[in-house]
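Me: Could you take a close look at one part of this structure for me, the surface that meets the DNA? I would also like to know how that part sits within the whole assembly.

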Number of protein chains: 2
Amino acid sequence: MSVTIKDIARMAGVSHTTVSRALNDSPLIHEDTKRKIRAIAERLDYSPNYSARSLVLARSYHIGLFFSTLSKGTSSSFFHETVKGVHSVVNTKYHLIVNGIDDYDGNYAAVTRKTFDGIIVMSQSDGDESFIRYVADKSIPLVVLNRNNEQLSPVNVLADDKAGVYRVVSHMIRQGHSRIALIEGKQSFKSSQARKGGYLQALSEHCIPTDETLHAIGGYTLEGGYAAMQRLLQLKPLPTAVFCSSDEMAVGAMKAIFQSGLTVPGDISVAGFDDDVFSAFLSPALTTVKRPVETISRIGAEKLLAVIERGFPHKETLFVDTELLIRDSVGTLHKQE
Amino acid sequence: MSVTIKDIARMAGVSHTTVSRALNDSPLIHEDTKRKIRAIAERLDYSPNYSARSLVLARSYHIGLFFSTLSKGTSSSFFHETVKGVHSVVNTKYHLIVNGIDDYDGNYAAVTRKTFDGIIVMSQSDGDESFIRYVADKSIPLVVLNRNNEQLSPVNVLADDKAGVYRVVSHMIRQGHSRIALIEGKQSFKSSQARKGGYLQALSEHCIPTDETLHAIGGYTLEGGYAAMQRLLQLKPLPTAVFCSSDEMAVGAMKAIFQSGLTVPGDISVAGFDDDVFSAFLSPALTTVKRPVETISRIGAEKLLAVIERGFPHKETLFVDTELLIRDSVGTLHKQE
DNA sequence: TTACATCTTGTTAACGTGTGCATTGTATGC
DNA sequence: GCATACAATGCACACGTTAACAAGATGTAA
């Protein structure tokens with residue numbers, strides 16, 4: 001049996017109403033009374049019953065953080081940074097509940113306004129759309145990360161992937177490369193499409209014709225990047241550079257290149273995307289684009305709390321800048337003719 | 001305003017008690033009545049108010065997953081695998097709340113039997129002890145992962161780190177190495193101590209004297225591994241092999257070795273611990289020990305649910321086997337004399 | 001017919017907290 | 001000295017659910 005405000009009330013010789021008010025620092029209560037009550041609460045090691053409070057206030061103190069999936073296709077560093085970012089804002093004020101959308105198997109009945117004060121969706125796939133729509137329909141405060149869909153959700157925060165890829169591919173072009181291959185992620189992922197868009201834009205703005213044979217799909221996994229690169233290594237002539245839509249795939253690609261007896265960046269330059277925690281320590285260190293996942297998550301969480309606590313209705317979409325990290329895996333190509 | 005069991009009761013022409021029983025599939029209620037009530041509930045899109053239920057049942061439906069820290073010193077893959085493992089068991093039955101112990105700053109008042117039906121601590125440091133003790137004192141159902149302290153907590157699940165390191169270092173010795181350096185993690189982490197123990201045991205059982213100058217500290221970070229290896233590279237004669245207490249540190253160490261113009265495993269063999277997601281794709285692929293983090297987490301979660309639901313009082317400690325993964329970073333040393 | 005068991009449903013209270021309204025006591029203004 | 005304002009506290013109810021107990025209906029055995 002644990003201590004309630006009624007116990008405190010009895011000891012202090014006041015009503016439980018006064019205790020409730022005192023502990024909530026209501027201006028209605030005399031300072032002396034507050035002090036006395038707080039002292040007793042402290043002494044009895046009182047802690048409020050969240051269920052009771054939630055019931056009467058119609059608030060759950062839960063923030064739901066939903067990933068497309070927890071198990072398949074979510075990279076560890078991505079997951080970790082997201083949780084860190086959101087958690088740093090939510091902290092001890094709300095409980096952070098982590099979930100995979102795919103766990104619900106299409107039946108979202110358990111997701112209600114009462115179970116979640118607000119929801120953050122870290123979206124990675126078009127498959128999330130039904131879930132996002134469901135949450136929006138229930139008018140649960142909502143922030144969508146990593147995805148741009150204004151008509152679906154009011155607040156969106158995402159990295160400017162396209163601009164980031166544009167920057168790194170332009171960098172390759174400036175280093176003299178023109179036969180630049182692409183290893184895509186998962187075609188159904190919006191991020192994959194955006195990154196391809198940046199690649200295509202860089203090529204077209206530098207008047208380099210696109211060549212479909214230079215495009216491969218790696219599925220955002222190491223193994224996939226390895227296999228995709230193996231296919232690209234069959235090409236004649238070989239590409240002089242390859243942009244990989246994730247660092248993990250870049251690691252796989254480099255592995256394939258090394259195995260075929262070639263060097264990076266001597267024979268083939270490689271660039272990635274994400275700046276995974278290990279990327280700076282590869283040999284050669286990987287030139288890549290840093291996605292501010294933690295920043296995005298932090299900003300998203302702040303926006304969500306603003307919506308919940310101050311009612312912040314108007315739509316907005318925030319793009320967070322990426323950062324080009326030039327390291328050693330992209331070399332300069334000397335014109336051969 | 002959302003629909004409650006009273007609304008359903010009104011529509012069905014029964015009492016709200018009957019509705020409650022029907023929805024909980026109580027044997028007291030006639031099947032026809034149940035069907036009717038379920039149909040109405042379905043039609044009205046009813047979902048129960050968890051706060052109210054929690055209040056009356058004195059259960060929160062929350063499982064707390066606590067890390068020593070979310071931000072500093074927890075590797076992403078470790079974090080991800082843990083959450084995956086626990087989540088796969090907890091699923092939609094309970095809400096999984098992720099927290100860092102360091103966020104509470106020593107004030108655990110918000111952690112009570114009422115806010116958490118059970119708690120899983122993924123322990124990485126001695127600093128967790130006060131928290132674990134607190135939870136145990138409150139007699140909240142508790143499972144501690146990754147840490148062995150029978151008198152503190154009833155149920156412990158952990159990898160047999162020491163045996164795993166013993167195995168990989170013995171492997172190095174069998175390949176002819178005897179001058180084997182060690183890069184430790186964080187000295188305050190129990191895991192770091194256990195791994196060092198395995199290293200020392202392997203040496204002593206093969207009658208190789210320990211040499212303090214061969215021990216360096218890398219703090220479980222890439223940068224730390226890099227710096228530690230730089231120090232080891234000052235030694236004369238050089239070690240012929242180095243065991244790193246984590247794969248991340250191994251990557252840093254390899255980087256330092258390459259920078260000094262040496263090769264792996266030609267000049268120096270390297271082994272790691274963890275089998276991070278990228279380890280198989282390094283060049284050379286890293287020989288390491290796989291810690292079954294996800295398995296540990298899954299088993300721990302199952303144990304916790306057993307305690308919660310079936311009352312499972314007796315103490316037990318489970319060791320989960322590690323797996324030696326022999327890849328390319330440890331070479332054979334030919335005797336020189 | 002009566003007594004009793006069984007099946008099904010209803011009545012009422014309880015969980016712990018917050019809040020609208022009433023009540024008491026005290027100071028202020030005229 | 002009285003009306004009024006204001007500060008501090010208490011009373012009673014509400015939130016949505018579950019459960020102990022009561023109670024009605026129906027069947028059955030004596």
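Reply: Happy to; below I go through the DNA-facing surface, then the pairing of the chains, and then the sheets.

Please keep in mind that this is a predicted model.

Let's start with DNA strand C. There are 25 residues around this strand, and those that come nearest are Thr4(A), Ser20(A), Asn49(A), Ala52(A) and Val14(B). Both chains take part: α1 (5–12), α2 (16–23) and α4 of chain A each supply at least two residues of the surface near DNA strand C, and so do α2 (16–23) and α4 (50–57) of chain B. With five residues, α4(A) makes the largest share of this surface. By residue type, the surface near DNA strand C divides into 11 nonpolar, 11 polar and three charged residues.

Now turn to DNA strand D. Here 24 residues lie around the strand, and Thr18(A), Thr4(B), Ser20(B), Asn49(B) and Ala52(B) come nearest. The elements that each supply at least two residues of the surface near DNA strand D are α2 and α4 of chain A together with α1 (5–12), α2 and α4 of chain B. The largest share comes from α4(B), with five residues. The residues near DNA strand D divide into 11 nonpolar, 11 polar and two charged.

How the two chains are arranged is worth a look next. A turn of 180° with a shift of 0.0 Å along the axis lays chain A on chain B with an RMSD of 0.2 Å. The two copies are thus related as by a two-fold rotation axis.

The chains also touch each other: 42 residues of chain A are in contact with 41 residues of chain B. On the side of chain A that touches chain B, two or more residues come from each of α4 (50–57), α5 (76–90), β2 (95–100) and α10 (247–259) of chain A. The largest share of that side is from α5(A), which gives seven residues. In type, the residues of that side are 18 nonpolar, 18 polar and six charged. Of the interface residues of chain A, 98% are also interface residues in chain B, so the copies meet through the same surface. Notice that α4(A) serves twice, since this helix gives residues to the side that touches chain B and also to the surface near DNA strand C.

To place all this in the chain, it helps to know the domains. Chain A is divided into domain 1 (5–57), domain 2 (62–159 + 293–320) and domain 3 (161–291). The centres of domain 1 and domain 3 of chain A, taken over C-alpha atoms, are separated by 61 Å.

Finally, a word on the sheets. In chain A, four strands form an open sheet with parallel pairing, in the order β7-β6-β8-β9. The edge strands are β7 (215–217) and β9 (269–271) of chain A, each pairing on one side only. Neighbouring strands of this sheet are turned by 20° against each other on average, direction ignored. Three bridges join β6 (residues 180–184) of chain A to β7(A), the two running parallel, and Leu182(A) has His215(A) as its bridge partner in β7(A). Against this sheet packs α10(A), which touches β6, β8 (241–244) and β9 of chain A, with its direction at about 150° to that of β8(A). Chain B has an open sheet of four strands in the order β7-β6-β8-β9, with parallel pairing.

Definitions and conventions. Residues numbered from 1 in each chain as written. Chains lettered and ligands numbered in written order. Predicted model: local features only at pLDDT ≥ 70, side-chain atom pairs only at ≥ 80, totals over all residues. Contact = placed C-beta atoms within 7 Å. Nonpolar A, V, L, I, M, F, W, Y, C, P; charged D, E, K, R; others polar. Near = placed C-beta within 6 Å. Least-squares fit on C-alpha atoms with pLDDT ≥ 70 in both. Domains from an automatic or database assignment. Pairing = 2+ DSSP bridges. Axes fitted to C-alpha atoms, helices over the stretch in contact; angles between N-to-C directions.
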